[in-house]
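Here is an informal walk through a model, written for someone who has it open on the screen. Take a look at how the helices pack, then we will go through the cores and a few backbone oddities.

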Amino acid sequence: MSNLIDGKAIAARVKEEVAREAAELAQRGIRAGLAVVIVGDDPASRIYVNNKKKACEACNIRSYEYALPESTSEEDLLALVEKLNADPAVSGILVQLPLPRQISEQKVIAAISPEKDVDAFHAVNVGKIMIGDFDFLPCTPAGCLELIDSTGVSVEGKRCVVIGRSNIVGKPMAMLLLHRNGTVTICHSKTRGLREICREADILVAAVGKPKFVTADMVKEGAVVIDVGMNRLENGKLCGDVDFDAVREVAGWITPVPGGVGPMTIAMLMRNTLSAAKLQNRVQA
Ligand code: NAP
(Lines give C-alpha, C1' and ligand atoms only; values in the text may rest on other atoms or scores of the structure.)
Protein backbone atom coordinates (compact mmCIF):
# COMPACT_ATOMS: atom_id res chain seq x y z
CA MET A 1 0.00 0.00 0.00
CA SER A 2 1.48 3.36 -1.04
CA ASN A 3 1.86 6.59 0.90
CA LEU A 4 -0.75 9.21 0.18
CA ILE A 5 0.49 12.63 -0.94
CA ASP A 6 -1.84 15.07 0.78
CA GLY A 7 -2.17 17.94 -1.70
CA LYS A 8 -4.74 19.71 0.44
CA ALA A 9 -2.40 19.92 3.45
CA ILE A 10 0.63 20.91 1.36
CA ALA A 11 -1.42 23.57 -0.47
CA ALA A 12 -2.60 24.94 2.88
CA ARG A 13 1.03 25.33 3.98
CA VAL A 14 1.96 27.14 0.74
CA LYS A 15 -1.02 29.48 1.13
CA GLU A 16 -0.08 30.26 4.75
CA GLU A 17 3.42 31.16 3.58
CA VAL A 18 2.01 33.40 0.81
CA ALA A 19 -0.43 35.04 3.26
CA ARG A 20 2.40 35.88 5.64
CA GLU A 21 4.61 37.32 2.90
CA ALA A 22 1.72 39.24 1.31
CA ALA A 23 0.95 40.80 4.71
CA GLU A 24 4.61 41.82 5.12
CA LEU A 25 4.57 43.33 1.63
CA ALA A 26 1.37 45.23 2.44
CA GLN A 27 3.12 46.80 5.44
CA ARG A 28 5.63 48.21 2.97
CA GLY A 29 2.72 49.71 1.01
CA ILE A 30 2.59 47.06 -1.73
CA ARG A 31 -0.68 45.15 -2.13
CA ALA A 32 -0.68 42.10 -4.37
CA GLY A 33 -3.81 41.92 -6.52
CA LEU A 34 -5.22 39.34 -8.91
CA ALA A 35 -7.67 40.19 -11.70
CA VAL A 36 -9.74 37.19 -12.72
CA VAL A 37 -11.68 37.48 -15.97
CA ILE A 38 -14.48 35.04 -16.76
CA VAL A 39 -16.43 35.14 -20.01
CA GLY A 40 -19.77 33.31 -20.16
CA ASP A 41 -21.29 31.05 -17.53
CA ASP A 42 -19.62 27.67 -17.81
CA PRO A 43 -20.37 26.03 -14.41
CA ALA A 44 -16.89 24.44 -14.06
CA SER A 45 -15.20 27.79 -14.82
CA ARG A 46 -17.46 29.48 -12.27
CA ILE A 47 -16.35 27.00 -9.57
CA TYR A 48 -12.65 27.56 -10.43
CA VAL A 49 -13.08 31.35 -10.34
CA ASN A 50 -14.89 31.23 -6.97
CA ASN A 51 -12.13 29.01 -5.53
CA LYS A 52 -9.49 31.46 -6.76
CA LYS A 53 -11.33 34.37 -5.13
CA LYS A 54 -11.54 32.47 -1.83
CA ALA A 55 -7.83 31.65 -2.00
CA CYS A 56 -6.99 35.33 -2.57
CA GLU A 57 -8.92 36.27 0.58
CA ALA A 58 -7.03 33.66 2.59
CA CYS A 59 -3.69 34.87 1.20
CA ASN A 60 -4.09 38.64 1.81
CA ILE A 61 -4.26 39.19 -1.94
CA ARG A 62 -6.86 41.56 -3.38
CA SER A 63 -9.05 40.02 -6.05
CA TYR A 64 -10.87 41.82 -8.84
CA GLU A 65 -13.46 39.87 -10.77
CA TYR A 66 -14.61 40.74 -14.27
CA ALA A 67 -17.58 38.59 -15.30
CA LEU A 68 -18.39 39.25 -18.94
CA PRO A 69 -21.31 37.89 -20.99
CA GLU A 70 -20.88 34.93 -23.38
CA SER A 71 -21.44 37.33 -26.32
CA THR A 72 -18.37 39.48 -25.46
CA SER A 73 -16.33 40.37 -28.54
CA GLU A 74 -12.61 39.68 -28.86
CA GLU A 75 -12.03 43.43 -29.21
CA ASP A 76 -13.77 44.17 -25.90
CA LEU A 77 -11.87 41.45 -24.04
CA LEU A 78 -8.54 42.66 -25.48
CA ALA A 79 -9.44 46.22 -24.39
CA LEU A 80 -10.08 44.97 -20.84
CA VAL A 81 -6.73 43.13 -20.80
CA GLU A 82 -4.99 46.35 -21.92
CA LYS A 83 -6.69 48.26 -19.11
CA LEU A 84 -5.59 45.65 -16.54
CA ASN A 85 -2.03 45.65 -17.93
CA ALA A 86 -1.86 49.38 -17.17
CA ASP A 87 -3.48 49.18 -13.70
CA PRO A 88 -0.84 49.27 -10.94
CA ALA A 89 -3.27 47.68 -8.43
CA VAL A 90 -3.34 44.54 -10.58
CA SER A 91 -0.24 42.34 -10.13
CA GLY A 92 -1.59 39.31 -11.95
CA ILE A 93 -4.14 38.73 -14.71
CA LEU A 94 -5.89 35.43 -15.19
CA VAL A 95 -8.33 34.92 -18.03
CA GLN A 96 -10.28 31.76 -17.28
CA LEU A 97 -10.19 29.31 -20.20
CA PRO A 98 -11.95 28.09 -22.26
CA LEU A 99 -13.20 31.23 -23.98
CA PRO A 100 -16.25 31.44 -26.27
CA ARG A 101 -15.66 30.55 -29.92
CA GLN A 102 -15.57 34.14 -31.24
CA ILE A 103 -12.46 34.90 -29.11
CA SER A 104 -8.98 33.66 -29.93
CA GLU A 105 -7.35 32.30 -26.75
CA GLN A 106 -3.91 32.74 -28.30
CA LYS A 107 -4.53 36.43 -29.01
CA VAL A 108 -5.77 37.04 -25.48
CA ILE A 109 -2.82 35.22 -23.88
CA ALA A 110 -0.42 37.18 -26.10
CA ALA A 111 -2.04 40.46 -25.01
CA ILE A 112 -1.38 39.89 -21.28
CA SER A 113 1.76 41.62 -20.09
CA PRO A 114 4.35 38.87 -19.43
CA GLU A 115 5.05 40.44 -16.01
CA LYS A 116 1.37 39.92 -15.07
CA ASP A 117 0.96 36.52 -16.74
CA VAL A 118 0.55 34.50 -13.53
CA ASP A 119 -0.58 31.42 -15.50
CA ALA A 120 2.78 31.52 -17.36
CA PHE A 121 1.04 30.82 -20.68
CA HIS A 122 2.53 33.80 -22.61
CA ALA A 123 5.15 32.83 -25.20
CA VAL A 124 7.74 34.96 -23.38
CA ASN A 125 7.21 33.01 -20.16
CA VAL A 126 7.08 29.68 -22.00
CA GLY A 127 10.44 30.56 -23.59
CA LYS A 128 11.90 31.54 -20.23
CA ILE A 129 10.85 28.20 -18.78
CA MET A 130 12.49 26.46 -21.72
CA ILE A 131 15.85 28.12 -21.00
CA GLY A 132 15.47 27.64 -17.25
CA ASP A 133 15.48 31.35 -16.32
CA PHE A 134 11.92 32.08 -15.34
CA ASP A 135 9.84 34.48 -13.24
CA PHE A 136 6.79 32.21 -12.91
CA LEU A 137 6.12 28.55 -13.41
CA PRO A 138 2.79 27.35 -14.79
CA CYS A 139 0.63 26.60 -11.78
CA THR A 140 -0.29 22.94 -12.32
CA PRO A 141 3.21 21.61 -13.20
CA ALA A 142 4.72 23.72 -10.40
CA GLY A 143 2.21 22.20 -8.00
CA CYS A 144 3.08 18.69 -9.19
CA LEU A 145 6.77 19.35 -8.61
CA GLU A 146 6.03 20.56 -5.10
CA LEU A 147 4.09 17.35 -4.44
CA ILE A 148 6.97 15.23 -5.76
CA ASP A 149 9.37 17.17 -3.50
CA SER A 150 7.14 16.48 -0.50
CA THR A 151 7.88 12.76 -0.84
CA GLY A 152 11.61 13.30 -0.33
CA VAL A 153 12.26 11.42 -3.60
CA SER A 154 14.87 13.30 -5.63
CA VAL A 155 14.13 13.73 -9.35
CA GLU A 156 17.83 13.71 -10.30
CA GLY A 157 18.76 10.73 -12.43
CA LYS A 158 15.27 9.22 -12.18
CA ARG A 159 13.23 7.89 -15.08
CA CYS A 160 10.29 10.29 -15.39
CA VAL A 161 7.31 9.69 -17.67
CA VAL A 162 4.70 12.35 -18.42
CA ILE A 163 1.55 11.17 -20.17
CA GLY A 164 0.11 14.15 -22.06
CA ARG A 165 1.77 16.94 -24.05
CA SER A 166 -0.58 19.91 -23.62
CA ASN A 167 0.93 23.39 -23.45
CA ILE A 168 -0.49 23.97 -19.98
CA VAL A 169 0.42 20.69 -18.28
CA GLY A 170 2.37 17.98 -20.14
CA LYS A 171 5.06 20.00 -21.93
CA PRO A 172 5.98 22.35 -19.06
CA MET A 173 5.85 19.43 -16.60
CA ALA A 174 8.40 17.56 -18.69
CA MET A 175 10.60 20.65 -18.85
CA LEU A 176 10.55 21.16 -15.07
CA LEU A 177 11.52 17.53 -14.50
CA LEU A 178 14.32 17.94 -17.04
CA HIS A 179 15.58 21.04 -15.21
CA ARG A 180 15.73 18.86 -12.11
CA ASN A 181 17.96 16.39 -14.01
CA GLY A 182 15.32 13.72 -14.51
CA THR A 183 15.48 11.52 -17.61
CA VAL A 184 12.17 12.43 -19.16
CA THR A 185 9.88 10.71 -21.67
CA ILE A 186 6.74 12.45 -22.92
CA CYS A 187 3.92 10.19 -24.07
CA HIS A 188 0.82 11.07 -26.07
CA SER A 189 -1.98 9.48 -28.05
CA LYS A 190 0.39 8.28 -30.80
CA THR A 191 2.91 6.70 -28.40
CA ARG A 192 3.59 3.03 -29.03
CA GLY A 193 4.20 0.67 -26.13
CA LEU A 194 2.80 3.08 -23.54
CA ARG A 195 2.42 0.41 -20.85
CA GLU A 196 6.07 -0.67 -21.07
CA ILE A 197 7.32 2.94 -21.05
CA CYS A 198 5.21 3.79 -18.01
CA ARG A 199 6.39 0.67 -16.18
CA GLU A 200 9.94 2.04 -16.29
CA ALA A 201 8.98 5.28 -14.57
CA ASP A 202 10.23 6.10 -11.09
CA ILE A 203 8.07 9.21 -11.37
CA LEU A 204 4.87 9.00 -13.41
CA VAL A 205 2.71 12.05 -14.13
CA ALA A 206 -0.68 11.45 -15.76
CA ALA A 207 -2.29 14.42 -17.57
CA VAL A 208 -4.57 12.70 -20.06
CA GLY A 209 -8.15 13.65 -19.22
CA LYS A 210 -9.45 10.05 -19.23
CA PRO A 211 -10.83 8.50 -16.03
CA LYS A 212 -8.80 5.59 -14.60
CA PHE A 213 -6.55 5.54 -17.69
CA VAL A 214 -3.44 4.50 -15.74
CA THR A 215 -3.93 0.96 -14.49
CA ALA A 216 -1.84 -0.98 -11.96
CA ASP A 217 -0.02 -2.95 -14.69
CA MET A 218 1.39 0.34 -16.04
CA VAL A 219 3.09 1.27 -12.77
CA LYS A 220 6.50 0.29 -11.42
CA GLU A 221 6.61 -0.98 -7.84
CA GLY A 222 7.39 1.93 -5.51
CA ALA A 223 6.93 4.69 -8.12
CA VAL A 224 5.75 8.22 -7.35
CA VAL A 225 2.43 8.66 -9.18
CA ILE A 226 1.02 12.16 -9.72
CA ASP A 227 -2.55 12.31 -11.05
CA VAL A 228 -3.39 15.60 -12.77
CA GLY A 229 -6.67 14.37 -14.27
CA MET A 230 -9.95 15.98 -13.26
CA ASN A 231 -12.72 14.04 -14.91
CA ARG A 232 -16.36 14.53 -13.99
CA LEU A 233 -18.19 11.19 -13.98
CA GLU A 234 -21.87 10.73 -14.81
CA ASN A 235 -22.68 10.47 -11.10
CA GLY A 236 -21.14 13.94 -10.66
CA LYS A 237 -18.08 12.64 -8.80
CA LEU A 238 -14.57 13.80 -9.67
CA CYS A 239 -12.19 11.08 -10.89
CA GLY A 240 -8.51 11.21 -11.78
CA ASP A 241 -6.62 9.70 -14.71
CA VAL A 242 -5.27 6.98 -12.41
CA ASP A 243 -7.14 3.90 -11.23
CA PHE A 244 -6.45 4.95 -7.66
CA ASP A 245 -7.55 1.86 -5.68
CA ALA A 246 -5.55 -0.58 -7.81
CA VAL A 247 -2.49 1.64 -8.38
CA ARG A 248 -2.06 2.49 -4.71
CA GLU A 249 -1.30 -1.19 -4.11
CA VAL A 250 1.76 -0.90 -6.41
CA ALA A 251 2.99 2.70 -6.18
CA GLY A 252 5.23 4.02 -3.42
CA TRP A 253 3.52 7.41 -3.39
CA ILE A 254 0.27 8.56 -4.96
CA THR A 255 -1.91 11.70 -5.14
CA PRO A 256 -5.66 11.37 -4.64
CA VAL A 257 -8.35 13.09 -6.74
CA PRO A 258 -9.78 15.25 -5.32
CA GLY A 259 -7.28 16.56 -2.79
CA GLY A 260 -4.06 16.15 -4.79
CA VAL A 261 -2.95 18.35 -7.67
CA GLY A 262 -6.13 20.52 -7.75
CA PRO A 263 -5.53 22.45 -4.51
CA MET A 264 -1.84 22.85 -5.41
CA THR A 265 -2.70 24.58 -8.70
CA ILE A 266 -4.53 27.32 -6.82
CA ALA A 267 -1.80 27.61 -4.16
CA MET A 268 0.79 28.09 -6.93
CA LEU A 269 -1.40 30.78 -8.52
CA MET A 270 -1.29 32.64 -5.21
CA ARG A 271 2.49 32.26 -5.07
CA ASN A 272 2.81 33.54 -8.65
CA THR A 273 0.62 36.57 -7.90
CA LEU A 274 2.84 37.43 -4.94
CA SER A 275 5.96 37.00 -7.11
CA ALA A 276 4.39 39.25 -9.76
CA ALA A 277 3.74 41.98 -7.19
CA LYS A 278 7.38 41.74 -6.05
CA LEU A 279 8.66 41.75 -9.61
CA GLN A 280 6.66 44.84 -10.58
CA ASN A 281 7.78 46.69 -7.46
CA ARG A 282 11.40 45.59 -7.79
CA VAL A 283 11.29 43.80 -4.43
CA GLN A 284 13.93 41.07 -4.06
CA ALA A 285 12.35 37.61 -4.17
P1 NAP B 1 -5.42 17.95 -23.07
O2 NAP B 1 -4.99 19.27 -23.61
O3 NAP B 1 -6.68 17.34 -23.54
O4 NAP B 1 -4.22 16.91 -23.29
C5 NAP B 1 -4.39 15.56 -23.05
C6 NAP B 1 -3.14 14.82 -23.48
O7 NAP B 1 -3.36 13.44 -23.27
C8 NAP B 1 -2.82 15.01 -24.97
O9 NAP B 1 -1.45 15.32 -25.12
C10 NAP B 1 -3.17 13.66 -25.58
O11 NAP B 1 -2.31 13.27 -26.64
C12 NAP B 1 -2.92 12.72 -24.41
N13 NAP B 1 -3.69 11.49 -24.61
C14 NAP B 1 -4.99 11.35 -24.89
N15 NAP B 1 -5.30 10.04 -25.06
C16 NAP B 1 -4.16 9.36 -24.87
C17 NAP B 1 -3.82 7.99 -24.93
N18 NAP B 1 -4.72 7.05 -25.23
N19 NAP B 1 -2.54 7.63 -24.67
C20 NAP B 1 -1.60 8.55 -24.37
N21 NAP B 1 -1.86 9.88 -24.32
C22 NAP B 1 -3.13 10.27 -24.57
O23 NAP B 1 -5.56 18.02 -21.47
P24 NAP B 1 -4.80 18.91 -20.37
O25 NAP B 1 -5.31 20.30 -20.44
O26 NAP B 1 -3.34 18.66 -20.40
O27 NAP B 1 -5.42 18.24 -19.05
C28 NAP B 1 -5.26 16.89 -18.75
C29 NAP B 1 -6.11 16.52 -17.57
O30 NAP B 1 -5.67 17.30 -16.45
C31 NAP B 1 -7.60 16.85 -17.70
O32 NAP B 1 -8.35 15.89 -16.98
C33 NAP B 1 -7.74 18.20 -17.04
O34 NAP B 1 -9.03 18.42 -16.53
C35 NAP B 1 -6.75 18.05 -15.92
N36 NAP B 1 -6.22 19.31 -15.40
C37 NAP B 1 -6.19 19.42 -14.06
C38 NAP B 1 -5.65 20.55 -13.50
C39 NAP B 1 -5.61 20.65 -12.01
O40 NAP B 1 -5.45 21.74 -11.49
N41 NAP B 1 -5.73 19.54 -11.30
C42 NAP B 1 -5.16 21.58 -14.30
C43 NAP B 1 -5.15 21.42 -15.68
C44 NAP B 1 -5.69 20.26 -16.23
P45 NAP B 1 -2.29 14.04 -28.07
O46 NAP B 1 -1.50 15.29 -27.84
O47 NAP B 1 -1.62 13.09 -28.99
O48 NAP B 1 -3.73 14.32 -28.42
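Let's start with a helix pair: the axes of helix H2 (residues 43–58) and H10 come within 10 Å and cross at roughly 55°. That angle makes H2 oblique to H10, oblique being the label left over once angles under 35 degrees are called roughly parallel, over 145 roughly antiparallel and 65 to 115 roughly perpendicular. The axes here are lines fitted to C-alpha atoms, for helices over the stretch in contact, and angles run from 0 to 180 degrees between N-to-C directions. The helices and strands themselves are DSSP runs numbered from the N terminus (H or I with at least four residues for helices, E with at least two for strands).

Before going further, a word on what you are looking at: this is a predicted model, in which local features need pLDDT of at least 70 and side-chain atom pairs count only at pLDDT 80 or more, while totals for chains, interfaces and linings use all residues. Residues are numbered from 1 along each chain as its sequence is written, and side-chain values use heavy atoms, with hydrogens and water left out.

Back to the helices. H2 passes H10 in a right-handed crossing, meaning that the near helix is turned clockwise from the far one by less than a right angle, with anticlockwise giving a left-handed crossing. On the H2 side, Asn 51, Lys 52, Ala 55 and Cys 56 meet Ile 266, Leu 269 and Met 270 of H10, where contact means heavy atoms within 4.5 Å. By class, that contact divides into 5 nonpolar, 1 polar and 1 charged residues. For these classes, Ala, Val, Leu, Ile, Met, Phe, Trp, Tyr, Cys and Pro count as nonpolar, Asp, Glu, Lys and Arg as charged, and the others, Gly among them, as polar.

H10 also packs against helix H1 (residues 7–27), and H1 in turn packs against helix H6 (residues 139–150). Here are the three pairs together:

| Helix pair | Angle between axes | Axis separation |
|---|---|---|
| H2 and H10 | roughly 55° | within 10 Å |
| H1 and H10 | about 20° | 8 Å |
| H1 and H6 | about 105° | 11 Å |

H1 and H10 are therefore roughly parallel to each other, and their crossing is left-handed. Many residues take part, including Ile 10, Val 14, Val 18 and Leu 25 of H1 and Met 264, Ala 267, Met 270 and Leu 274 of H10. The contact of H1 with H10 divides into 13 nonpolar, 1 polar and 6 charged residues.

How does H1 sit against H6? With an angle of about 105° between them, H1 is roughly perpendicular to H6. Gly 7, Ile 10 and Val 14 in H1 meet Glu 146, Leu 147 and Ser 150 in H6, a contact with 3 nonpolar, 2 polar and 1 charged residues.Now for the cores. The largest nonpolar core has 55 residues, and those with the most contacts inside it are Leu 34, Ile 61, Leu 177, Ile 226 and Met 270. A nonpolar core is a set of buried Ala, Val, Leu, Ile, Met, Phe, Trp, Tyr and Cys residues joined through side-chain atoms within 4.5 Å. Buried stands for under 20% relative accessible area and exposed for over 50%, with partly exposed in between (1.4 Å probe, protein chains only). Helix H10 (residues 261–280) supplies the largest share of this core, 10 residues. A second, separate core of 18 residues includes Cys 198, Val 219, Ala 223 and Ile 254.

Met 270 is worth clicking on. Not counting residues up to four places away in sequence, Met 270 touches Val 18, Leu 34, Lys 52, Ala 55, Cys 56, Cys 59 and Ile 61.

Another one to try is Cys 187, found in strand S6 (residues 183–187). Cys 187 counts as buried because its relative accessibility is 0%. Leaving aside neighbours within four places in sequence, Cys 187 is in contact with Val 161, Val 162, Ile 163, Gly 164, Arg 165, Leu 194 and Ile 197.

Last, the backbone. The peptide bond from Leu 97 to Pro 98 is cis, with omega near 0°, and Pro 98 lies in the loop between strand S4 (92–95) and helix H4 (105–111). The bond from Val 257 to Pro 258 is cis as well, with omega near 0°; Pro 258 lies in the loop between strand S11 (253–254) and H10.

Two non-glycine residues have positive phi values: phi is near 60° for Ala 120 and near 50° for Arg 282. Ala 120 is in the loop between H4 and helix H5 (123–131) and counts as buried at 4% relative accessibility. Arg 282 lies in the segment after H10 and is exposed, with a relative accessible area of 65%.
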